[in-house]
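Here's a quick briefing to read with the model open beside you. Keep the viewer handy and click along as you go.

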Amino acid sequence: MDAAELTGAIGPSVPFSREDALRFERIALRRGIALTGLARTPEDLDVVLRAALFFVTFGGTASLIPGADLTRALQAFLSTHADWLAATGNELLDALTAARLVFPKEGGVNSVRVESALTPAIVSDLWRDLALRRAERRAEIRAELQAKNRRVNAPAVPEPDPREDEAMMREALIEAQKALASGEVPVGAVVVRDGVVLARASNAVIERHDATAHAEILAVRAASAKVGNERLTGATLYVTLEPCAMCAAAIAHARIERVVWGADDPRAGGMGGAVDVALAARMNHRARMTAGVLRSPCEDLLKDFFRQKRAAAKADAQGT
(Lines give C-alpha, C1' and ligand atoms only; values in the text may rest on other atoms or scores of the structure.)
Protein backbone atom coordinates (compact mmCIF):
# COMPACT_ATOMS: atom_id res chain seq x y z
CA MET A 1 0.00 0.00 0.00
CA ASP A 2 1.53 3.35 -0.98
CA ALA A 3 1.33 6.52 1.09
CA ALA A 4 -1.60 7.93 -0.88
CA GLU A 5 -3.67 4.81 -0.30
CA LEU A 6 -2.68 4.78 3.35
CA THR A 7 -3.79 8.37 3.79
CA GLY A 8 -7.10 7.67 2.12
CA ALA A 9 -7.65 4.53 4.19
CA ILE A 10 -7.21 6.03 7.63
CA GLY A 11 -8.47 9.56 7.17
CA PRO A 12 -6.77 12.94 7.42
CA SER A 13 -3.78 11.74 9.49
CA VAL A 14 -0.94 9.22 9.23
CA PRO A 15 0.80 7.34 12.05
CA PHE A 16 4.46 7.23 12.94
CA SER A 17 5.15 4.58 15.57
CA ARG A 18 8.22 3.08 17.20
CA GLU A 19 7.95 0.16 14.77
CA ASP A 20 8.06 2.69 11.90
CA ALA A 21 11.17 4.30 13.43
CA LEU A 22 12.84 0.91 13.72
CA ARG A 23 12.01 0.07 10.11
CA PHE A 24 13.40 3.42 8.97
CA GLU A 25 16.65 2.68 10.83
CA ARG A 26 16.96 -0.69 9.09
CA ILE A 27 16.28 0.92 5.70
CA ALA A 28 19.11 3.37 6.45
CA LEU A 29 21.58 0.50 6.05
CA ARG A 30 20.97 0.76 2.29
CA ARG A 31 23.24 3.77 1.98
CA GLY A 32 23.20 5.67 -1.31
CA ILE A 33 19.76 4.46 -2.42
CA ALA A 34 17.52 6.89 -4.32
CA LEU A 35 13.79 7.41 -3.92
CA THR A 36 13.20 5.43 -7.12
CA GLY A 37 15.06 2.52 -5.55
CA LEU A 38 12.97 2.75 -2.40
CA ALA A 39 9.82 2.75 -4.52
CA ARG A 40 10.52 -0.87 -5.48
CA THR A 41 9.36 -1.69 -1.95
CA PRO A 42 6.36 0.64 -1.44
CA GLU A 43 6.28 -0.03 2.30
CA ASP A 44 9.86 1.23 2.66
CA LEU A 45 9.15 4.40 0.68
CA ASP A 46 6.03 4.96 2.77
CA VAL A 47 7.98 4.75 6.03
CA VAL A 48 10.67 7.13 4.77
CA LEU A 49 8.09 9.69 3.64
CA ARG A 50 6.20 9.48 6.91
CA ALA A 51 9.49 9.86 8.82
CA ALA A 52 10.25 12.99 6.80
CA LEU A 53 6.77 14.33 7.49
CA PHE A 54 7.17 13.52 11.20
CA PHE A 55 10.32 15.62 11.46
CA VAL A 56 9.32 18.57 9.27
CA THR A 57 6.06 18.91 11.23
CA PHE A 58 7.95 18.68 14.54
CA GLY A 59 6.35 15.41 15.52
CA GLY A 60 2.95 16.34 14.15
CA THR A 61 2.61 19.65 15.99
CA ALA A 62 2.48 21.76 12.80
CA SER A 63 0.39 21.43 9.67
CA LEU A 64 0.64 24.69 7.69
CA ILE A 65 4.33 25.28 6.99
CA PRO A 66 5.76 28.30 5.16
CA GLY A 67 7.47 27.21 1.96
CA ALA A 68 10.93 28.45 2.95
CA ASP A 69 10.68 26.74 6.34
CA LEU A 70 9.67 23.47 4.70
CA THR A 71 12.62 23.60 2.32
CA ARG A 72 15.01 24.15 5.23
CA ALA A 73 13.36 21.41 7.28
CA LEU A 74 13.59 18.86 4.46
CA GLN A 75 17.23 19.74 3.85
CA ALA A 76 17.97 19.35 7.56
CA PHE A 77 16.26 15.96 7.54
CA LEU A 78 18.34 14.86 4.54
CA SER A 79 21.60 16.05 6.06
CA THR A 80 21.03 14.34 9.43
CA HIS A 81 18.64 11.44 9.81
CA ALA A 82 18.43 10.64 6.08
CA ASP A 83 22.01 11.40 5.07
CA TRP A 84 22.09 7.92 3.57
CA LEU A 85 19.33 8.82 1.06
CA ALA A 86 20.45 9.93 -2.42
CA ALA A 87 17.84 12.65 -2.86
CA THR A 88 17.50 16.40 -2.89
CA GLY A 89 15.04 18.46 -0.90
CA ASN A 90 12.99 19.17 -4.04
CA GLU A 91 12.85 15.46 -4.93
CA LEU A 92 11.66 14.62 -1.44
CA LEU A 93 9.05 17.40 -1.57
CA ASP A 94 7.81 16.07 -4.94
CA ALA A 95 7.53 12.56 -3.45
CA LEU A 96 5.61 13.86 -0.43
CA THR A 97 3.29 15.78 -2.77
CA ALA A 98 2.78 12.78 -5.05
CA ALA A 99 1.93 10.66 -2.01
CA ARG A 100 -0.62 13.32 -0.98
CA LEU A 101 1.09 13.88 2.35
CA VAL A 102 1.64 17.58 1.65
CA PHE A 103 -0.42 20.00 -0.44
CA PRO A 104 0.83 23.30 -1.89
CA LYS A 105 -1.23 26.15 -0.47
CA GLU A 106 -1.03 29.88 -0.72
CA GLY A 107 1.45 31.09 1.88
CA GLY A 108 3.02 27.70 2.41
CA VAL A 109 2.38 24.00 2.34
CA ASN A 110 -0.36 22.19 4.16
CA SER A 111 0.54 18.73 5.44
CA VAL A 112 -1.36 15.68 6.51
CA ARG A 113 -1.38 15.51 10.30
CA VAL A 114 1.01 13.00 11.92
CA GLU A 115 -0.33 10.95 14.81
CA SER A 116 2.47 9.75 17.09
CA ALA A 117 3.20 9.08 20.74
CA LEU A 118 6.83 9.92 20.00
CA THR A 119 8.74 13.18 19.78
CA PRO A 120 11.59 14.02 17.40
CA ALA A 121 14.02 13.92 20.35
CA ILE A 122 12.90 10.41 21.36
CA VAL A 123 13.26 9.12 17.79
CA SER A 124 16.67 10.79 17.37
CA ASP A 125 17.92 9.20 20.61
CA LEU A 126 16.57 5.80 19.52
CA TRP A 127 18.40 5.98 16.19
CA ARG A 128 21.60 7.19 17.88
CA ASP A 129 21.55 4.28 20.35
CA LEU A 130 20.93 1.74 17.59
CA ALA A 131 23.80 3.17 15.53
CA LEU A 132 26.15 2.97 18.53
CA ARG A 133 25.15 -0.63 19.23
CA ARG A 134 25.69 -1.55 15.59
CA ALA A 135 29.12 0.12 15.61
CA GLU A 136 30.08 -1.78 18.77
CA ARG A 137 28.92 -5.05 17.26
CA ARG A 138 30.88 -4.35 14.06
CA ALA A 139 33.98 -3.68 16.18
CA GLU A 140 33.47 -6.96 18.06
CA ILE A 141 33.06 -8.92 14.84
CA ARG A 142 36.11 -7.23 13.33
CA ALA A 143 38.19 -8.08 16.41
CA GLU A 144 36.98 -11.69 16.34
CA LEU A 145 37.88 -12.01 12.65
CA GLN A 146 41.29 -10.45 13.21
CA ALA A 147 41.98 -12.83 16.09
CA LYS A 148 40.87 -15.78 13.98
CA ASN A 149 43.10 -14.67 11.10
CA ARG A 150 46.05 -14.36 13.45
CA ARG A 151 45.43 -17.87 14.78
CA VAL A 152 45.07 -19.33 11.29
CA ASN A 153 48.04 -17.52 9.79
CA ALA A 154 50.37 -17.72 12.76
CA PRO A 155 53.24 -20.22 12.53
CA ALA A 156 52.91 -23.39 14.56
CA VAL A 157 53.96 -22.79 18.16
CA PRO A 158 56.06 -25.52 19.77
CA GLU A 159 54.83 -27.03 23.00
CA PRO A 160 56.48 -25.51 26.09
CA ASP A 161 59.29 -27.53 27.66
CA PRO A 162 58.53 -27.90 31.41
CA ARG A 163 62.22 -28.39 32.17
CA GLU A 164 63.16 -25.15 30.42
CA ASP A 165 60.31 -23.33 32.16
CA GLU A 166 61.59 -24.45 35.56
CA ALA A 167 65.20 -23.59 34.69
CA MET A 168 64.25 -20.08 33.57
CA MET A 169 62.01 -19.57 36.60
CA ARG A 170 64.98 -20.39 38.82
CA GLU A 171 66.82 -17.58 37.05
CA ALA A 172 63.89 -15.28 37.80
CA LEU A 173 64.03 -16.38 41.46
CA ILE A 174 67.69 -15.33 41.59
CA GLU A 175 66.57 -11.87 40.47
CA ALA A 176 63.82 -11.90 43.08
CA GLN A 177 66.42 -12.66 45.78
CA LYS A 178 68.38 -9.60 44.64
CA ALA A 179 65.25 -7.48 45.08
CA LEU A 180 64.76 -8.94 48.55
CA ALA A 181 68.33 -8.05 49.52
CA SER A 182 67.63 -4.45 48.45
CA GLY A 183 64.47 -4.19 50.52
CA GLU A 184 62.21 -4.35 47.45
CA VAL A 185 59.19 -6.60 47.01
CA PRO A 186 60.94 -9.82 45.89
CA VAL A 187 59.93 -10.15 42.25
CA GLY A 188 62.32 -11.10 39.47
CA ALA A 189 61.91 -11.40 35.72
CA VAL A 190 63.81 -12.89 32.79
CA VAL A 191 63.14 -12.45 29.05
CA VAL A 192 64.14 -15.42 26.87
CA ARG A 193 64.01 -15.99 23.12
CA ASP A 194 65.18 -19.09 21.27
CA GLY A 195 66.77 -20.38 24.46
CA VAL A 196 68.87 -17.23 24.93
CA VAL A 197 68.40 -14.92 27.91
CA LEU A 198 67.93 -11.41 26.49
CA ALA A 199 67.49 -9.58 29.78
CA ARG A 200 66.90 -10.04 33.49
CA ALA A 201 65.75 -7.62 36.15
CA SER A 202 64.61 -7.23 39.74
CA ASN A 203 62.02 -4.94 41.28
CA ALA A 204 63.62 -1.51 41.76
CA VAL A 205 60.71 0.74 42.69
CA ILE A 206 62.27 2.04 45.91
CA GLU A 207 65.82 2.17 44.58
CA ARG A 208 64.81 4.22 41.51
CA HIS A 209 61.99 6.17 43.15
CA ASP A 210 59.92 5.00 40.18
CA ALA A 211 56.49 3.39 40.56
CA THR A 212 56.88 1.83 37.10
CA ALA A 213 60.18 0.08 37.88
CA HIS A 214 58.65 -3.36 38.20
CA ALA A 215 60.87 -6.29 37.30
CA GLU A 216 58.82 -7.05 34.16
CA ILE A 217 58.99 -3.45 32.86
CA LEU A 218 62.75 -3.25 33.44
CA ALA A 219 63.34 -6.62 31.78
CA VAL A 220 61.20 -5.72 28.76
CA ARG A 221 63.00 -2.38 28.36
CA ALA A 222 66.43 -4.04 28.57
CA ALA A 223 65.48 -6.81 26.12
CA SER A 224 64.07 -4.32 23.61
CA ALA A 225 67.22 -2.22 23.84
CA LYS A 226 69.38 -5.30 23.31
CA VAL A 227 67.58 -6.47 20.15
CA GLY A 228 66.99 -2.95 18.86
CA ASN A 229 63.25 -3.41 18.49
CA GLU A 230 60.31 -2.38 20.65
CA ARG A 231 58.56 -5.64 19.74
CA LEU A 232 59.78 -8.83 21.35
CA THR A 233 57.98 -11.22 19.00
CA GLY A 234 58.62 -14.85 19.89
CA ALA A 235 60.00 -14.05 23.35
CA THR A 236 58.93 -15.55 26.68
CA LEU A 237 58.83 -13.58 29.90
CA TYR A 238 59.43 -15.50 33.13
CA VAL A 239 58.40 -13.69 36.30
CA THR A 240 58.00 -14.91 39.88
CA LEU A 241 54.65 -13.12 40.40
CA GLU A 242 51.73 -12.68 38.01
CA PRO A 243 52.19 -9.31 36.24
CA CYS A 244 50.04 -6.40 37.38
CA ALA A 245 47.73 -4.48 35.02
CA MET A 246 50.48 -2.01 34.08
CA CYS A 247 52.95 -4.76 33.24
CA ALA A 248 50.30 -6.80 31.42
CA ALA A 249 49.59 -3.85 29.12
CA ALA A 250 53.32 -3.36 28.46
CA ILE A 251 53.67 -7.07 27.68
CA ALA A 252 50.87 -6.85 25.12
CA HIS A 253 52.37 -3.76 23.49
CA ALA A 254 55.77 -5.49 23.32
CA ARG A 255 54.14 -8.46 21.54
CA ILE A 256 55.71 -10.95 23.94
CA GLU A 257 54.65 -14.41 22.85
CA ARG A 258 54.32 -16.09 26.23
CA VAL A 259 54.32 -15.22 29.91
CA VAL A 260 55.20 -17.74 32.62
CA TRP A 261 54.80 -16.90 36.29
CA GLY A 262 55.12 -18.63 39.63
CA ALA A 263 52.82 -17.07 42.23
CA ASP A 264 49.31 -15.95 41.35
CA ASP A 265 48.09 -12.47 42.32
CA PRO A 266 44.30 -12.65 42.73
CA ARG A 267 44.13 -9.10 44.11
CA ALA A 268 46.13 -7.17 41.53
CA GLY A 269 47.08 -9.63 38.79
CA GLY A 270 46.62 -8.24 35.29
CA MET A 271 46.62 -11.53 33.40
CA GLY A 272 43.56 -13.16 34.89
CA GLY A 273 44.07 -12.79 38.65
CA ALA A 274 42.06 -9.60 39.11
CA VAL A 275 41.57 -8.73 35.44
CA ASP A 276 42.78 -9.90 32.04
CA VAL A 277 43.96 -6.53 30.71
CA ALA A 278 44.66 -7.56 27.11
CA LEU A 279 41.27 -9.25 26.82
CA ALA A 280 39.28 -6.55 28.61
CA ALA A 281 40.91 -3.75 26.58
CA ARG A 282 40.55 -5.72 23.32
CA MET A 283 44.23 -5.25 22.63
CA ASN A 284 45.67 -6.49 19.37
CA HIS A 285 47.96 -8.98 21.10
CA ARG A 286 47.36 -11.33 24.01
CA ALA A 287 50.26 -13.44 25.24
CA ARG A 288 49.91 -17.13 25.94
CA MET A 289 50.04 -17.72 29.69
CA THR A 290 51.40 -20.46 31.95
CA ALA A 291 50.87 -20.08 35.68
CA GLY A 292 52.23 -21.91 38.71
CA VAL A 293 55.76 -22.83 37.58
CA LEU A 294 57.77 -23.26 40.83
CA ARG A 295 54.78 -21.83 42.62
CA SER A 296 55.85 -22.77 46.15
CA PRO A 297 59.30 -21.11 46.22
CA CYS A 298 57.88 -18.02 44.53
CA GLU A 299 55.04 -17.77 47.05
CA ASP A 300 57.30 -18.53 50.02
CA LEU A 301 59.65 -15.72 49.09
CA LEU A 302 56.78 -13.23 49.00
CA LYS A 303 55.17 -14.55 52.19
CA ASP A 304 58.45 -14.33 54.12
CA PHE A 305 59.02 -10.78 52.88
CA PHE A 306 55.62 -9.51 53.97
CA ARG A 307 55.80 -11.46 57.25
CA GLN A 308 59.07 -9.71 58.07
CA LYS A 309 57.61 -6.33 57.09
CA ARG A 310 54.65 -6.86 59.41
CA ALA A 311 56.91 -7.98 62.23
CA ALA A 312 59.14 -4.94 61.79
CA ALA A 313 56.13 -2.62 61.73
CA LYS A 314 54.81 -4.24 64.92
CA ALA A 315 58.17 -3.88 66.65
CA ASP A 316 58.36 -0.23 65.68
CA ALA A 317 54.86 0.37 67.00
CA GLN A 318 55.68 -1.30 70.33
CA GLY A 319 58.91 0.64 70.58
CA THR A 320 57.07 3.92 70.34
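Asp276 sits in the loop that runs between β11 (258-263) and α12 (277-280). Bear in mind that what you're looking at is a predicted model. From Asp276 we'll move to the cavity it helps line, then to a pocket and a small sheet.

**Asp276 and its surroundings**
- Is Asp276 buried or exposed? Asp276 counts as buried because its relative accessible area is 15%, and the cut-off for buried is under 20%.
- Setting aside neighbours within four places in sequence, Asp276 touches Gly270, Met271, Arg286 and Met289.

**The cavity**
- Rolling a probe the size of a water molecule over the atoms shows where empty space is left.
- How many cavities of 30 Å³ or more turn up? The count is 1.
- The largest cavity has a volume of about 50 Å³.
- Asp276 is part of its lining, along with Ala248, Ile251, Ala252, Gly270, Met271, Val277, Ala278, Arg286 and Ala287.
- Gly270, Met271 and Arg286 are on that lining list, and they're also contacts of Asp276.
- Two helices, α11 (245-253) and α12, each put at least two residues into the lining of the largest cavity.
- Which element gives the largest share of that lining? That's α11, with 3 residues.
- Sorted by class, the lining of the largest cavity comes out at 7 nonpolar, 1 polar and 2 charged residues.

**The second largest pocket**
- Now for an open space: the second largest pocket holds about 360 Å³.
- It has 15 lining residues, and the ones closest to its centre are Ala28, Arg31, His81, Asp83 and Ala131.
- The elements giving two or more residues to the lining of this pocket are α2 (18-27) and α7 (120-153).
- α7 chips in the most here, with 6 residues.
- The lining of the second largest pocket splits into 6 nonpolar, 3 polar and 6 charged residues.

**A three-stranded sheet**
- An open sheet is built from 3 strands, in the order β3-β6-β5, with antiparallel pairing.
- Which strands are at the edges? They are β3 (64-65) and β5 (102-105), and each of them pairs on one side only.
- β5 and β6 (residues 108-111) run antiparallel to each other, joined over 4 bridges.
- If you want a spot to zoom in on, Lys105 stands opposite Gly108 in β6.

Note on methods
Residues numbered from 1 in each chain as written. Predicted model: local features only at pLDDT ≥ 70, side-chain atom pairs only at ≥ 80, totals over all residues. Heavy atoms only, no water. Pairing = 2+ DSSP bridges. Buried < 20%, exposed > 50% of the residue type's maximum accessible area, 1.4 Å probe, protein only. Contact = heavy atoms within 4.5 Å. 1 Å grid on protein atoms, 1.4 Å probe; cavity = no way out; pocket = protein on both sides within 12 Å on 5 of 7 lines; lining within 4 Å. Points joined across faces, edges and corners; volume = space filled by probe spheres on them. Nonpolar A, V, L, I, M, F, W, Y, C, P; charged D, E, K, R; others polar.
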